[in-house]
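Here is a short tour of one protein chain, with its helices, its annotated segments and its empty spaces. Please keep the structure open beside you as you read.

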Amino acid sequence: MNWYAILAIYRYEMSRTRRTLLQSIVAPVISTALYFVVFGAAIGHRINEIGGISYGAFIVPGLTMLSVLTHSVSNAAFGIYFPRFTRNIYEILSAPISHFEITLAFVGAAATKSLFLAAIILITARLFVPYEIAHPVWMLAFLVLTALTFSLLGFIIGIWADNFEKLQFVPMLILTPLTFLGGTFYAIDMLPPFWQKLTLLNPVLYLISGFRWSFFGLADVNVWLSLGMTLLFLSLFLGVAAWIFKTGYRLRP
């Protein structure tokens with residue numbers, strides 16, 4: 001394992017966060033804080049408790065997961081797309097570093113940024129609503145697995161995209177709507193039976209449900225099913241990334 005090369009790429013990607021601190025950290029935190037103000041404070045007191053949990057506390061896991069999903073994808077996608085755009089990717093591919101090590105460096109950096117952002121959001125949330133974490137180990141496990149999984153998805157998108165519009169297509173037009181419709185602001189048992197069944201087809205539901213269970217012991221689906229779906233997505237994206245490097249898809253000049 002070429003740890004020097006991995007750390008070189010990892011540190012470069014992390015340094016990019018420091019150069020774009022307002023965009024990478026401050027803006028997402030402010031956006032999430034506004035959600036807490038609008039949904040937690042302004043609207044939350046008009047909504048009954050969900051499973052014995054105040055509405056403001058109920059949306060904390062969903063909003064945290066919303067930020068983790070979208071920024072894991074965006075960070076990893078831009079991280080690998082920009083070297084392709086500037087043609088520096090060929091220097092990385094010709095260096096004495098394996099495809100797995102390249103993936104580990106870019107995905108690891110993107111996941112680290114998302115985890116750091118999640119920590120800040122959870123701290124910020126305490127300023128608006130009180131909440132407790134019933135299963136902190138499970139919470140950390142779901143958070144790390146989700147950050148890694150969707151950073152890997154972002155890595156794949158960054159290789160697939162051939163312009164900046166495509167780079168934003170999946171996070172903005174697919175992932176964000178799925179997250180909003182995946183139980184971020186509600187429990188699915190609040191929906192009519194038909195929409196409950198339809199929501200079960202949304203893969204993001206399983207991620208948010210498992211993460212919310214780690215906070216309150218309350219879930220829309222079985223926690224083991226949530227964990228299994230997360231691992232399934234991770235395995236799927238690992239397989240796609242392996243295929244990309246094996247075939248040279250979008251990597252060869």
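Between residues 200 and 218, helix makes up 74% of the chain and strand 0%, and the end C-alpha atoms lie 16 Å apart. This is a predicted model, and the stretch is one of those that an unreviewed UniProt entry annotates as "transmembrane region". Another stretch with that annotation, residues 55-82, is 100% helix and 0% strand, with 40 Å between its end C-alpha atoms. The table sets the two side by side.

| Residues | Helix | Strand | Distance between end C-alpha atoms |
|---|---|---|---|
| 55-82 | 100% | 0% | 40 Å |
| 200-218 | 74% | 0% | 16 Å |

How far can you trust the coordinates? The mean pLDDT of the protein chain is 88, and 96% of its residues reach 70 or more. Confidence is highest in helix H6 (residues 136-160), with a mean of 95, and lowest in helix H2 (residues 21-43), with a mean of 76. As a general caution, predicted coordinates should not be read in detail where pLDDT is low.

Helix H3 deserves a good look. It runs over residues 55-85, and its 31 residues reach 44 Å from the first C-alpha to the last, close to the 45 Å expected at 1.5 Å a residue. At Pro61, H3 bends by about 25°. Of the 31 residues of H3, 26 are buried, so this helix is largely enclosed by the rest of the structure. After H3 comes Arg87, which has a positive phi, near 70°.

Helix H1 (residues 3-19) can be checked in a similar way. Its 17 residues should span 24 Å at 1.5 Å a residue, and its end C-alpha atoms are 24 Å apart, so the two values agree. The buried residues of H1 include Ala5, Ile6, Ile9, Glu13 and Arg16.

Now for the empty spaces. Which residues lie nearest the centre of the largest pocket? They are Gln23, Thr70, His71, Ser74 and Asn75, out of 25 that line the pocket. Two or more lining residues come from each of H1, H2, H3 and helix H7 (164-180). H3 gives the largest share of this lining, eight residues. The volume of the largest pocket is about 650 Å³.

A search of the whole structure also finds one cavity of 30 Å³ or more. The largest cavity has a volume of about 30 Å³, and its lining is made up of Phe58, Ala187, Arg212, Leu218, Ala219 and Asp220.

Definitions and conventions: Residues numbered from 1 in each chain as written. Predicted model: local features only at pLDDT ≥ 70, side-chain atom pairs only at ≥ 80, totals over all residues. Heavy atoms only, no water. Helix = DSSP H or I, 4+ residues; strand = E, 2+ residues; numbered from the N terminus. Expected span 1.5 Å × (residues − 1). Bend = angle between axes of the 7 residues up to and from the residue. Buried < 20%, exposed > 50% of the residue type's maximum accessible area, 1.4 Å probe, protein only. pLDDT = per-residue confidence, 0-100. UniProt positions renumbered as here; feature names shortened; annotations may be inferred. 1 Å grid on protein atoms, 1.4 Å probe; cavity = no way out; pocket = protein on both sides within 12 Å on 5 of 7 lines; lining within 4 Å. Points joined across faces, edges and corners; volume = space filled by probe spheres on them.
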